[in-house]
Amino acid sequence: MTKGEGGCLCGAIRYRIEGEGAAAMVCHCTHCQKQSGSAFSTILGVPQGQVAITGEPATYADSGESGKSVERLFCGTCGSPLFSKVEVAPGMLWVKAGTLDDASGFTPAAHIWTRSKQCWVETGNVPAFETNPG
């Protein structure tokens, strides 16, 4: 995915991605499950300087299963999760793929934190890692 636009459910926050995404993943950690309200989070890693954001996301300071810090950014009005900034990947903004206006170009290259994966989720032929491979 080389560029795209997206935003929250109510439209208060919009973003535009310019440039090449560095990674497309599905995270199965328990924090992503709770934060997404689902079995996993679909995320696109983009260098932070390649994302222009309009509106002011609210922030929740969290830590991942690794114990490292995770800053979760979301719309303070509608609650849509939008981005994450993680200590283990400085300079990257992890965009929630479900917030893209057109997510048809999103294809995950890996599943991470599968040790927390729900038993009914299949990873298919996509590489899967029990924790974070990096």
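Trainee: Let's start with Cys 27. Is Cys 27 buried or exposed?

Mentor: Cys 27 is buried, its relative accessible area being 5%. Keep in mind that this is a predicted model.

Trainee: And how do I read the cysteines for bonds? Which cysteine sulfur is nearest to that of Cys 27?

Mentor: The general idea first: a disulfide is a covalent bond between the sulfur atoms of two cysteines. To call one here, the two sulfurs have to lie within 2.5 Å. By this rule the count is zero disulfides. Cys 27 takes part in none, and its nearest cysteine sulfur, from Cys 29, is 3.7 Å away.

Trainee: Why is Cys 32 not bonded to Cys 27?

Mentor: Because the distance is too great for a bond: the closest cysteine sulfur to that of Cys 32 is in Cys 27, at 3.7 Å. Cys 32 also counts as buried, with 6% relative accessibility.

Trainee: Now for charged pairs. How many salt bridges does a search of the whole structure find?

Mentor: The search finds five. When reading such a pair, look at the gap between the side-chain nitrogen of Lys or Arg and the carboxyl oxygen of Asp or Glu, which should be within 4 Å. Take Arg 16 and Glu 5: they form a salt bridge whose closest N and O atoms are 2.3 Å apart. This pair ties together distant parts of the chain, with Arg 16 in strand β2 (residues 14-18) and Glu 5 in strand β1 (residues 3-7), eleven residues apart.

Trainee: How accessible are those two partners? What are the values for Arg 16 and Glu 5?

Mentor: Arg 16 is partly exposed at 33% relative accessibility, and Glu 5 is partly exposed at 37%.

Trainee: What does Arg 14 pair with?

Mentor: Arg 14 forms a salt bridge with Asp 101, and the closest N and O atoms are 2.6 Å apart. Here too the pair links distant parts of the chain: Asp 101 sits in the loop between β9 (92-96) and β10 (110-112), while Arg 14 is in strand β2, 87 residues apart. Arg 14 counts as partly exposed, with 28% relative accessibility.

Trainee: Which residues are linked in a network of salt bridges?

Mentor: The network links Glu 5, Arg 14, Arg 16, Glu 18 and Asp 101.

Trainee: Let me try another pair. Where do Arg 72 and Asp 62 lie in the chain?

Mentor: Arg 72 and Asp 62 form a salt bridge, with 2.8 Å between the closest N and O atoms. Arg 72 is in strand β7 (residues 69-74) and Asp 62 in strand β6 (residues 58-63), so the pair links distant parts of the chain, ten residues apart. Arg 72 is buried, with a relative accessible area of 6%, and Asp 62 counts as buried at 16%.

Trainee: On to pockets. How much space lies in the largest pocket?

Mentor: The idea behind pocket finding is that rolling a probe the size of a water molecule over the atoms shows where empty space is left. In this model, the largest pocket holds about 360 Å³ of space. Its lining has 22 residues, and Val 86, Val 88, Ile 112, Trp 113 and Asn 132 lie nearest the centre. The elements giving two or more residues to this lining are β3 (23-27), β7, β8 (81-86) and β9. Of these, β7 gives the most, with three residues.

Trainee: What is the chemical make-up of that lining?

Mentor: The lining of the largest pocket divides into twelve nonpolar, five polar and five charged residues.

Trainee: And what about the second largest pocket?

Mentor: That one contains about 170 Å³ of space. Its lining residues include Gln 35, Phe 40, Pro 81 and Lys 96. Two elements, α1 (30-36) and β4 (41-47), give two or more residues to the lining of the second largest pocket. By class, this lining has three nonpolar, seven polar and one charged residues.

Trainee: To finish with single residues, what is Ser 84 in contact with, leaving aside neighbours within four places in sequence?

Mentor: Ser 84 is found in strand β8 and is buried, with a relative accessible area of 5%. Leaving aside neighbours within four places in sequence, its contacts are Val 70, Glu 71, Arg 72, Met 92, Leu 93, Trp 94 and Lys 96. You met Arg 72 above as the salt-bridge partner of Asp 62.

Trainee: Where does Ala 103 lie?

Mentor: Ala 103 is in the loop between β9 and β10, and it counts as partly exposed at 34% relative accessibility. The C-alpha atoms of Ala 103 and Asn 125 are separated by 20 Å, with the two residues 22 apart along the chain.

Note on methods: Residues are numbered from 1 along each chain as its sequence is written. This is a predicted model: local features need pLDDT of at least 70, side-chain atom pairs count only at pLDDT 80 or more; totals for chains, interfaces and linings use all residues. Side-chain values use heavy atoms; hydrogens and water are left out. Buried means under 20% relative accessible area, exposed over 50%, partly exposed in between (1.4 Å probe, protein chains only). Helices (H or I, at least four residues) and strands (E, at least two) are DSSP runs, numbered from the N terminus. On a 1 Å grid over the protein atoms alone, a cavity is a set of points where a 1.4 Å probe fits but cannot get out, and a pocket is an open set with protein on both sides within 12 Å along at least five of seven lines; lining residues have an atom within 4 Å of a point. Grid points are joined across faces, edges and corners, and a volume is the space filled by probe spheres set on the points. Ala, Val, Leu, Ile, Met, Phe, Trp, Tyr, Cys and Pro count as nonpolar, Asp, Glu, Lys and Arg as charged, and the others, Gly among them, as polar. Contact means heavy atoms within 4.5 Å.
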